[in-house]
Amino acid sequence: MAYSGIGGQAVIEGVMMKHKDTYAVAVRKPDHEIVVEKKTYQGICKNETLKNLMFVRGIISFVESMVLGLSTLTFSASFFEEEDKGGHTKAKSEKKEKAEMGFTIVLSLLFAVAIFMALPFYVSLFFQKYIPSETLVILIEGLLRLFIFFAYILLISRMEDIRRVFMYHGAEHKCINCIEHGMDLTVENVKASSKEHKRCGTSFLFFVVIITIIATMFIRVDSRILRLVLRLAIIPLVAGVSYEFIRLAGRSDNSIINMLSRPGLWMQRLTTKEPDEEMIEVGIASVEAVFDWKSYVETVREKEMT
């Protein structure tokens, strides 16, 4: 498998693909027409030194992915909003839309911190009354965090709309796997490709949870408040470390790296579903808008022959 540099995400009835500073969102409209929007996104950080600094680049990439992801989700959702009396989609001012997007990101982060960090910590304090081993209590806290992560994904996967998003997630992965394995980007080849990919955001979040469990083992202070504060303080570092591993995994076929990547790939079985042909067509349209896959595949084949 060769690294292509393409990344993306599933949106509502569509796929977003990004290559370097260019991204495209392809959406299957209610009338079954595929609409593609192509734009340039240079990110929130303009400092090239910081953007390429190990561990720091992961934090920046995570925030930028949230901003871009929410923007593309909003775009895809606009095709399915209720129409006004005149038959036109209700439009929001750009300023209002950005304000709402910023509020949503902040609210999402606060929700994630409360559910995945604070809740397991305070629940583990109950066990502290009966278990003398601090290491065991911290382990229970970590397992609770992992359980909540699994339960959350399983819960939302039961929703029909989310299930369709997971199918488009599968189409996104299949398209990338198809070209990275040197195959022409056709519906038939994409269908035959894997719906799991080592550079997936699901794998990133899984490793964030696992590395957080390991890191909290070293936080040993008496103050409960300080313990919680330190847990929150290490989140950026954990995100940076997780990003570096995912980045390495996407560029390497080393057997040890592949073995360490497997738990994240197993998690993707929950967040990716097999897409239908129409979904694959949307994924292909998104790739072709930002990436010259024919030249890339030809280069991959030439390397395999030498």
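The following paragraphs describe the overall form of a predicted protein model and then turn to some of its helices, loops and individual residues.

In this predicted model, the secondary structure of the protein is made up of 12 helices and 4 strands. The radius of gyration is 21 Å, which is close to the 19 Å that the globule rule gives for 306 residues, and the protein is therefore as compact as a globular protein of that length. When the C-alpha trace is laid along its principal axes, the protein spans about 60 × 60 × 40 Å. Of the 306 residues, 41% count as buried, and the accessible surface comes to about 16800 Å², with 62% of this area belonging to carbon and sulfur atoms.

The contacts within the protein show how parts of the chain that are separated in sequence are brought together. Among the contacts with a separation of 6 or more, 69% are accounted for by residues that stand 24 or more positions apart. As for charge, the protein carries 37 positive and 36 negative charges, and the mean positions of these two sets are 7 Å apart.

Two of the helices, α2 and α5, can be described through their length and their burial. Helix α2, which covers residues 56–77, has 22 residues and should span 32 Å at 1.5 Å a residue; its end C-alpha atoms are indeed 32 Å apart, so the expected and the computed values agree. The buried residues of α2 are Arg-57, Gly-58, Ile-60, Glu-64, Leu-68, Gly-69, Leu-70, Thr-72, Phe-75 and Ser-76, a list in which the charged residues Arg-57 and Glu-64 stand beside residues such as Leu-68 and Phe-75. Helix α5, which covers residues 160–180, has 21 residues and reaches 31 Å from its first C-alpha to its last, close to the 30 Å expected at 1.5 Å a residue. Because 15 of the 21 residues of α5 are buried, this helix is largely enclosed by the rest of the structure. Just after α5, Gly-182 takes a positive phi of about 75°.

A positive phi is also found at two residues other than glycine, and both of them belong to loops. His-32, with a phi near 75°, lies in the loop between strands β3 (22–28) and β4 (34–40), and this residue counts as partly exposed because its relative accessibility is 48%, which falls between the limits of 20% and 50%. Phe-55, whose phi is likewise near 75°, is found in the loop between α1 (48–51) and α2, where it is partly exposed with a relative accessible area of 37%.

The loop between β3 and β4 also contains Pro-30. At 55% relative accessibility, Pro-30 counts as exposed, since the category begins over 50%. Even so, Pro-30 touches Phe-79 and Phe-80, when residues up to four places away in sequence are not counted. The C-alpha atoms of Pro-30 and Glu-13, which are 17 residues apart along the chain, are separated by 9.1 Å.

Helix α9, which covers residues 235–251, holds Leu-237 and Arg-247. Leu-237 counts as exposed, with a relative accessibility of 52%, whereas Arg-247 is partly exposed, with a relative accessible area of 27%. The C-alpha atoms of Arg-247 and Lys-198, 49 residues apart along the chain, are separated by 8.7 Å. For Leu-237 and Lys-18, 219 residues apart along the chain, the separation of the C-alpha atoms is 25 Å.

Helix α12, which covers residues 293–305, is the place of Ser-295. Ser-295 is partly exposed, with a relative accessible area of 37%. Between the C-alpha atoms of Ser-295 and Val-63, which are 232 residues apart along the chain, the separation is 31 Å.

Conventions
Residues are numbered from 1 along each chain as its sequence is written. This is a predicted model: local features need pLDDT of at least 70, side-chain atom pairs count only at pLDDT 80 or more; totals for chains, interfaces and linings use all residues. Side-chain values use heavy atoms; hydrogens and water are left out. The radius of gyration is taken over C-alpha atoms; the globule rule is 2.2 Å times the number of residues to the power 0.38. Buried means under 20% relative accessible area, exposed over 50%, partly exposed in between (1.4 Å probe, protein chains only). Contact means heavy atoms within 4.5 Å. Accessible areas come from the Shrake-Rupley method with a 1.4 Å probe; for residues, only the protein chains shown count as cover. Lys and Arg count as positive and Asp and Glu as negative; His and the chain ends are not counted. The place of a charge is taken as NZ of Lys, CZ of Arg, CG of Asp or CD of Glu. The expected span of a helix is 1.5 Å times one less than its number of residues.
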